[in-house]
Amino acid sequence: MTDRMPKAIIDVADVKVSFGAVKALDGVSLAIMPGECVGLVGHNGAGKSTIVSVINGGLSPHQGTILGEGELIARFGINAARARGVRCVFQELSLCPNLTVLENTRILHRHLGGLGWRKRAKQVIERSLDTMFPGHGIASDRIVGDLSIAERQMVEIAMAFSDGGIPPRLIILDEPTSSLDASLAEQMLAHVLRFVASGGSVILISHILHEIITTASRIVVMKDGRIVAERPAEAWTENGLVEAMGSVVKGEAHRRAIRDLAEAPVVVEQIGHGIPFRAKRGEIVGLAGLAGHGQTDMLMKLHASSGADWLPRRDPAVTFVAGDRRLNGVFELWSILKNFSVASLGDLASRGVVNADAEVQRAGEWKQRIEIRTPNMANRMLSLSGGNQQKVLFARALATRAPVVLMDDPMRGVDVGTKQEVYEIIRQEAAHGRTFVWYSTEMEEVCLCDRVYVFREGAIVAELAGDAVTEENILASSFTGVAA
Amino acid sequence: MRMVDRISRAPWIWSWFAAFLVWFATIMVTGGASTLGLSQAALTFAAFSIIVGIGQMFVITLGPGNIDLSVPATMTLAGTVALKLMDVDNAMILPGLITAILIGIAVGITNYALIKALRIPPIIATLSMSFIVQSAAIWTNRGLRIKPPSFLADFTTSTTLGVPNVSLVALVISVIAWFLLEKTIYGRWISAIGQSTPAARMAGIPVDGIRFITYVFCAVLASLAGYLLACFSGGAALNMGTEYLLMSIAVVVLGGTAVAGGDSNVPGIWGASLFMFLVVSMLNTYGLGAGFRLIMTGLIIISVIMLAGGRQPGAR
Amino acid sequence: MRRTVSADAIRLAIPALSLAILLGAVFWLQPRAMSYIGLNLLFNLAVPIALATIAQMLIMSVNDLDLAMGTFVSFVACVTATFLSEEPFFGVLILAGAVAVYAMLGVVIHLRNLPSIVVSLGMSFVWAGLAVLLLPAPGGQAPEWVRTVMTMKPPVAPMAIVASVVIAVVAHFIVMRSSLGVLIRGVGGNQRSVERAGWSVLAARAAAYALAGVFAVLAGISLVGLTTSADANIALRYTLLSIAGVILGGGEFIGGRISPIGAVIGALTLTLAGSFLSFLRISPDWQIGAQGAILIIVLALRLLLNRLENRDKRR
Amino acid sequence: DTSDKKIALSNNYAGNSWRQAMLTSWDKVTGEAVKAGVVAAADAFTTAENQATEQAAQIQNMILQGYDAIVLNAASPTALNGAVKEACDAGIIVVSFDGVVSEPCAWRIAVDFKEMGRSQVEYLSKKLPEGGNLLEIRGLAGVFVDDEISAGIHEGVKQFPQFKIVGSVHGDWAQDVAQKAVAGILPSLPEIAGVVTQGGDGYGAAQAIAAAKRPMPVIVMGNREDELKWWKEQKDAKNYETMSVSIAPGVSTLAFWVAQQILDGKEVKKDLVVPFLRIDQDNLEQNLAKTQAGGVANVEYTQADAIKVIEGAK
Ligand SMILES: Nc1ncnc2c1ncn2[C@@H]1O[C@H](COP(=O)(O)OP(=O)(O)OP(=O)(O)O)[C@@H](O)[C@H]1O
Ligand SMILES: Nc1ncnc2c1ncn2[C@@H]1O[C@H](COP(=O)(O)OP(=O)(O)OP(=O)(O)O)[C@@H](O)[C@H]1O
Ligand SMILES: O[C@@H]1[C@H](O)[C@H](O)CO[C@H]1O
Ligand SMILES: [Mg+2]
Ligand SMILES: [Mg+2]
């Protein structure tokens, strides 16, 4: 008790979280002291957002302990965290889009109620906005859905820093600047420094490395659910960080032989801002860059431009492998078999009647080919583990006759062994003349491509081909890109 | 044991179970003497609910928000126009049938045009449409009850080997519907659309085309039911579809079809249609009035949905 | 200070414009309507519809739908014309019980994750049955005070207008201005974010249903105030009318995007559409069809105006 | 002189042949009256959904449109009283018929529905003196006419206790609904001697009974053409005997003339009674011949008829 060392606001020790076979956190320990800003970096899927959810109380770890001010907290949850002044700005925007700014403030601050709460909420949020983003021009009675993405992000950040009864003590910012331009980001980071100087704590997650280096007092690097490096900010350089984040074992072994595709015809094309997109027959084209910078939109556009909404097509031009399984991949009520065959029913039917034997046989072949781990393809799709569900979606697309396969980060949750098998299949199919357009957040995968387009802010900012497809080049283009 | 387990989880079992209970409770009043009569009557009248219910089921299978409220008006228009056209002449049976079907097609096309082109939610689009169709029915013959051609009248009211002919028609339609749903690409596609429209689009399914066909199919079945019902009851009446609005929805829901879409169930429609007829008969037989009858019906619908359970979390 | 017109304001402008156009047409067809009495005659039956529309809107604000609105209002009307006027104590008790049933439906639907459409379809039979039991034949008597309130002749504006404004203001206050309203709409907009802030979504949904029950009860009572008596089928059409009213008023089926003022305007528009048609003197054969046509036209107008709005936005 | 007066018909429902016949009669008779310059206009209005609230709004619109009289077939005897009162207050003559309203300021051309029900049992008591089991087919639950006719029937059964009602179903005044309801209850019923009805349901009952291959009881008919035709067939084949009773749809024209007379300044009692239209074994053919195919046996009224009815009530 007489200890003069300040105690950590939140101290998580040896935390483990897994989603199915994916070990999102594999023994992470992290203590946040008052008056420090911890920078958290790592590749997509490293586990950053997951540790945030643990600290925020939204996710109970499967293993590990959580201490607050040095004391073990038995029932740590959202309300316990909030009572300790823990606030969070989530990576995906999490305001209610149908409510106004000050109504969202009301939702966030549970104790703001009572007569005249609007006035108080208005004061709370406007004071915070004014201090953080002077001249922001956001009226607090605007509907959040009407705001631009940047304005929404500003509101969320300002809301996290606002004081609606319980003063904020630890603020977690998960990629807060991803939609802010340079000057707004500057304003925000300056406020973070002021907040930290006055004794508050911040966890800052960002892919923009110089922000981290200039703002954080300590930088933690995560990789595959573990903390792999941790040093004071002054001890880091941007290159050092990129190296620490990158894969230790490079994917060289899997690099495919460089093929000459100069003669091959262009099979898909999409011209927008930035560098035009083209893919040739038999080519594997990678879409890289930070998550959410327009890669999925590009895939959707490619799909829509050749899709048919009214009449069935015998020979589909493209097929699609979803990454967001829940949203646009899996048919939950169906068996694995039906999920597999839905895109190639035309080939498995005569006069519109599905040939059940052919369907079972085709499914059997693919079950073997990519090892879908189930005793029976007639089992429900949801009985499969996530990785196996993803394999089914893969098989669904590959089993069609479409010459172009669009892939939306399709390896989420797929284990290493399977990945290697799928890579091999992709290589074979490409050799037979199939074209793959592959968006991936995994560097290793991007490096498997013949050619790579790097995206930033909705446009293609770089094109890398052959030997130029390296992790360093891709990271460099995605971080530096063309500044806004 | 596994068999029992599997059957008890089949979504249609509840409606069959309920239908059986009610049937049993009714025939017990006469010590079993009414068995044949009641069964025949139930099969006869369930047939019409089955036919419209199957159409409604296809639409509901398309997913949340999809529903066709124009079913009753379509029945009425098809019945009145066809009977007027046939004008008691046996030679006109086929033209009458074709006219009824064409009316169904026209209503279905207009329904989907309103939904797609004007972005009107299906519930309101088909309601508005039903007013227009109902007016058209009034305008065509002002409520005169023209008798059906004698052949049709006999056919619809008689039995074959003790089974009512209309229920045989319903059986044929059910088998076709079951075949469409279970065996054909079309069936797979509507189920896919109902489970997740974005996923269906990404899987290359022609979503708009299929939705369009489905609304047309529903309207055609409604017009067919109208044609048969008008012949069966000795003439079309302007209000003959009225009770089939809630009925068509209720038999679908009770039959175990998922209201959230994607999962349809033909046997369940039979169970539910028989049940809906039998429960009224039972309550009438026991001398219960309209009030109790309605309350019981509502409570049973809610119990069935509670027992069968909602969809797994995440879907609504 | 920079002020832009919000999407909500535009959303409100569309129904208001439809109403204004329709009102203009009615005045042109029937100048007599442009008076104290005229306006009252045009709009007094819109008052219960407006209340039912608000009730439906509350259900829709949490992404549900109530197919039992019409039978419930009929049931309330029967209770009002019988118990509430003869044995007010029991009448109030029954109505309070009915509101509690609504809250419970919200709880059950949330806990068991049931489709609201089916549950309310089942409830529609139950309410209808109860109504028939209460009033096997039309009749009953409106309580004196209800009759007095509904036939009041306030200065300046007729009761129908005053009541509509009061309903709109009160509903606006509850749904748009109060903390509870914010919470309910938050559930419709982004349930996760409400949960993350530590609220109980279950309680919010139950509250939305209970509030809807209260407004529906008021709809039934005010209806009997106008008609002086009730019957078991008196308000069946309120189910679809209330849904159409919410949509016309700029509300949406999902996403918690609703507008109480818009809903009241939607209810007034629907009522006025009926009058407009009867002033047009359409042949009786097509009078029913014209109601469908006018619904389609007004909704198509909404689409057109939405398009214009989007074009403006893109500019 | 009423040549500058405008009369409106407010009708709540158009969904059955009876109502359509009523509208047709109105059209025919008032059309001639307008042409002859007796009145300036006689417009018909029908609501879409058979609901009192909708009809109340319709009446309010008629007030605004400046009609001098409203002829009313009401969805509810009481739920329109508010609107009717407003019309009276605006100086408008309101004449209700068939579905009459209880508001005292309105005129009522009523059919004694109770008597209509009672008379059915009385007829049966003559036809079947030894009595027997009866099946009752009712109308639409919750509606006034249904309750009245049914009450009359039960009164009749009390009066002639040799009869016993062994089953009761709602046929909603529609052949197909009646057919369905009867078919459902029939198997569990003992032998039926007679079927008492409300009109528009007799043919449906006959079909259900025939389908069940039961002996045909005496079914009281309701003047619909299909009912009369079936009766005629049975009469010719097996000398089947029954009677048929209902209100004539043309009573709308009587209401029209009464309204015209009131507008003309005649003193008219608030409550007028029209006899129901009854068809018996001997005048079946005669009535059938007069009835439009698919329609309802009808009587249209002239101005002279109306004056006679008014005088008779004094
Ligand atoms: N709800 C979930 N269900 C299944 N898997 C999940 C879930 N949430 C996260 N994961 C998985 O856990 C791993 C860690 O994810 P997390 O979101 O923490 O990564 P991150 O470091 O924040 O990545 P990014 O930089 O892309 O935001 C990923 O492989 C992800 O796919
Ligand atoms: N609810 C369930 N019902 C039936 N079988 C199940 C269920 N959940 C999992 N299984 C089966 O159990 C096995 C193991 O599942 P688990 O989720 O642990 O796989 P996994 O090791 O995570 O696979 P992957 O690495 O591909 O994600 C799988 O074969 C799966 O099909
Ligand atoms: O609608 C009509 C009339 O109301 C009549 O009074 C009885 O028969 C019904 O069909
Ligand atoms: Mg797994
Ligand atoms: Mg993250």
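Trainee: Which residues does Pro316(A) touch, not counting those up to four places away in sequence?

Mentor: Ala402(A) and Pro403(A), where contact means heavy atoms within 4.5 Å. Before we go on: this is a predicted model, where local features need pLDDT of at least 70 and side-chain atom pairs count only at pLDDT 80 or more, while totals for chains, interfaces and linings use all residues. Residues are numbered from 1 along each chain as its sequence is written, chains are lettered from A and ligands numbered from 1 in the order in which they are written, and side-chain values use heavy atoms, with hydrogens and water left out.

Trainee: Why is Pro316(A) called partly exposed?

Mentor: Its relative accessible area is 26%. Buried means under 20%, exposed means over 50%, and partly exposed is what falls in between, using a 1.4 Å probe and protein chains only. So Pro316(A), at 26%, goes in the middle class. You'll find Pro316(A) in the loop between α9 (295–306) and β14 (318–321) of chain A. Helices (H or I, at least four residues) and strands (E, at least two) are DSSP runs, by the way, numbered from the N terminus.

Trainee: What makes Phe58(B) and Tyr186(B) a stacked pair?

Mentor: Start with the rule: rings of Phe, Tyr and Trp (its six-membered ring) pair if their centres lie within 6.5 Å, and planes under 30 degrees apart count as stacked, over 60 as edge-to-face, the rest as tilted. The structure holds 27 aromatic pairs over all chains. In this one the ring centres are 6.1 Å apart and the planes sit at 15 degrees, so both tests are met and the pair is stacked.

Trainee: And which parts does that pair tie together?

Mentor: Phe58(B) is in helix α3 (residues 35–61) of chain B and Tyr186(B) in helix α9 (residues 185–195) of chain B, so the link joins parts 128 residues apart in sequence. Phe58(B) is buried at 0% relative accessibility, and Tyr186(B) is buried too, at 14%. There's an aromatic cluster as well, made of Trp310(A), Tyr112(B), Phe212(B) and Tyr215(B).

Trainee: Why is helix α12 of chain B called largely enclosed by the rest of the structure?

Mentor: Because nine of the eleven residues in that helix (residues 244–254) are buried. Among them are Tyr244(B), Met247(B), Ser248(B) and Leu254(B). After α12(B) comes Gly256(B), with a positive phi near 95 degrees.

Trainee: What makes the phi of Arg351(A) worth pointing out?

Mentor: It is near 50 degrees, a positive value in a residue other than glycine. Most residues other than glycine have a negative phi. Arg351(A) belongs to the loop between β15 (349–350) and β16 (353–354) of chain A, and with a relative accessible area of 87% Arg351(A) counts as exposed. Arg119(B) also has a positive phi, near 55 degrees. Arg119(B) lies in the loop between α5 (93–117) and α6 (122–141) of chain B, and its 51% makes Arg119(B) exposed.

Trainee: How do you know that Thr47(D) is buried?

Mentor: Its relative accessibility is 5%, so the residue counts as buried. Thr47(D) sits in the loop between β2 (41–46) and α2 (52–64) of chain D, and its side chain reaches the backbone oxygen of Asn12(D) at 2.8 Å. That is a polar contact: a pair of N or O atoms within 3.5 Å where, within protein, one must be able to donate a hydrogen and the other to accept it, and residues adjacent in sequence count only if both atoms are side-chain atoms. Beyond its neighbours within four places in sequence, Thr47(D) is in contact with residues including Ile288(C), Tyr13(D) and Glu54(D).

Trainee: Which residues are around ligand 3?

Mentor: Asn16(D), Trp18(D), Arg19(D), Asp98(D), Phe113(D), Trp173(D), Arg224(D) and Ile247(D). A residue is near a molecule or strand if one of its heavy atoms lies within 4 Å of it.

Trainee: How far is the polar side-chain atom of Asp98(D) from an oxygen atom of ligand 3?

Mentor: The distance is 2.7 Å, which falls within the 3.5 Å limit. Polar side-chain atoms of Arg19(D) and Arg224(D) lie 3.2 Å and 3.1 Å from an oxygen atom of the ligand. The protein covers 96% of the 270 Å² of accessible area that ligand 3 has on its own.

Conventions. Accessible areas come from the Shrake-Rupley method with a 1.4 Å probe; for residues, only the protein chains shown count as cover.
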